[in-house]
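Here is a friendly walk through one protein model, written for someone who would like to find their way around it. Please keep the structure open as you read.

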Amino acid sequence: MEKEKLDLAPLLHEQVRFHEARARSKQINLGIDPLPGLSPLLANKRSIEEVISNLITNAIRYTPEGGSVTVSASAKKDYVRVSVKDTGYGIGKEDLDRIFERFYRVKTDQTRFITGTGLGLAIVKSIVDAHNGLIEVESEIGQGSTFHVDLPVMPI
């Protein structure tokens with residue numbers, strides 16, 4: 001995987017713009033919090049776009065009409081944290097350990113009609129791993145989910 005110097009802020013803004021129409025079609029407010037000065041990453045741009053796109057798509061897909069999805073980022077000492085937060089259905093504790101497995105899909109009364117292969121989060125995790133990053137999720141049923149992706153900054 002070829003990696004290059006990557007400025008994350010423009011990429012995040014592009015992804016939010018790209019997904020706005022889909023969010024609007026479900027009356028979901030898709031927004032991006034003001035971004036602080038973020039250190040550049042040494043990353044594969046296409047792969048990071050795929051990570052962000054997948055997380056936003058899932059957030060929209062698993063949030064009912066009238067909800068919201070917010071993208072944010074923060075600078076840490078040696079990494080940048082990107083977060084995608086939604087007000088969706090949420091994920092039960094019994095499913096949290098398995099959502100990054102290939103073909104695993106959370107099935108509840110609310111989500112059983114949502115289509116997908118169950119590969120998206122497994123791919124996201126493999127990309128984050130290939131960038132020496134970390135992905136984690138906080139979620140509660142009925143309260144939504146927040147996915148955090150920590151990616152190391154470019155060495156000086």
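R81 is buried in this predicted model, with a relative accessible area of 18%, which falls under the 20% limit for that label. This arginine is a good place to begin, as R81, E136 and D150 are linked in a network of salt bridges. Where do the two acidic partners of R81 lie? E136 lies in strand β6 and R81 in strand β5, so their salt bridge ties together parts that are 55 residues apart in sequence. D150 lies in strand β7, so its pairing with R81 ties together parts that are 69 residues apart in sequence.

The surroundings of the two acids can be described in terms of accessibility. D150 is buried, with a relative accessible area of 9%, while E136 is partly exposed at 33%. As a general point, side chains of opposite charge can pair when their charged atoms come close.

A search of the whole structure finds three salt bridges. They are listed here with their N to O distances.

| Acidic residue | Basic residue | N to O distance |
|---|---|---|
| E136 | R81 | 2.8 Å |
| D150 | R81 | 2.7 Å |
| D129 | K125 | 3.2 Å |

The pair of D129 and K125 sits within a helix. Being four residues apart in helix α4, D129 and K125 are separated by about one helical turn. D129 is partly exposed, with a relative accessible area of 39%, and K125 also counts as partly exposed, at 30%.

Now to the strands. Five of them form an open sheet in the order β2-β4-β5-β7-β6, and the pairing is mixed. Which strands stand at the edges of the sheet? β2 (29–32) and β6 have these places, each with a single partner strand, so one side of each is left without a neighbour in the sheet. On average, neighbouring strands of this sheet are turned by 15° against each other, direction ignored. In general, strands of a sheet pair through backbone hydrogen bonds, either parallel or antiparallel.

Strand β7 is worth a closer look. Is β7 largely enclosed or left open by the rest of the structure? Eight of its nine residues are buried, so β7 is largely enclosed. β7 pairs with β5 in the antiparallel sense over seven bridges, and K85 has T146 in β7 as its bridge partner. Seven bridges also join β6 to β7, and these two strands run antiparallel. Along that pairing, S139 has S145 in β7 as its bridge partner, and L134 stands opposite D150. D150 therefore takes part in the sheet through β7, and its side chain meets that of R81 in a salt bridge.

β6 and β7 form a hairpin with three residues between them. In the turn, G142 has a positive phi of about 80°.

Two helices lie across the sheet strands. α1 lies across β2, β4 and β5, running at about 170° to β2. α2 lies across β2, β4, β5, β6 and β7, and its direction makes an angle of about 20° with β5.

What holds the interior of the model in terms of nonpolar residues? The largest nonpolar core has 36 residues, and those with the most contacts inside it are L8 and L55. Elements that each supply at least two residues of this core include α1 (8–25), α2 (45–61) and α4 (120–130), along with strands such as β4 (68–75), β5 (79–86), β6 (134–140) and β7 (144–152). β3 (41–43) is also among them. Which element gives the most to this core? That is α2, with seven residues.

L8 shows some of these contacts in detail. Leaving out residues up to four places away in sequence, L8 touches L38, L41, I48, V80 and V82.

A last stop is E20, whose place is in helix α1. E20 is partly exposed, with a relative accessible area of 32%. The C-alpha atoms of E20 and G31 are separated by 8.6 Å, and these residues are eleven residues apart along the chain.

Terms used:
Residues are numbered from 1 along each chain as its sequence is written. This is a predicted model: local features need pLDDT of at least 70, side-chain atom pairs count only at pLDDT 80 or more; totals for chains, interfaces and linings use all residues. Side-chain values use heavy atoms; hydrogens and water are left out. A nonpolar core is a set of buried Ala, Val, Leu, Ile, Met, Phe, Trp, Tyr and Cys residues joined through side-chain atoms within 4.5 Å. Buried means under 20% relative accessible area, exposed over 50%, partly exposed in between (1.4 Å probe, protein chains only). Contact means heavy atoms within 4.5 Å. Two strands pair if DSSP finds at least two bridges between them. Axes are lines fitted to C-alpha atoms, for helices over the stretch in contact, and angles run from 0 to 180 degrees between N-to-C directions. A salt bridge is a side-chain nitrogen of Lys or Arg within 4 Å of a carboxyl oxygen of Asp or Glu.
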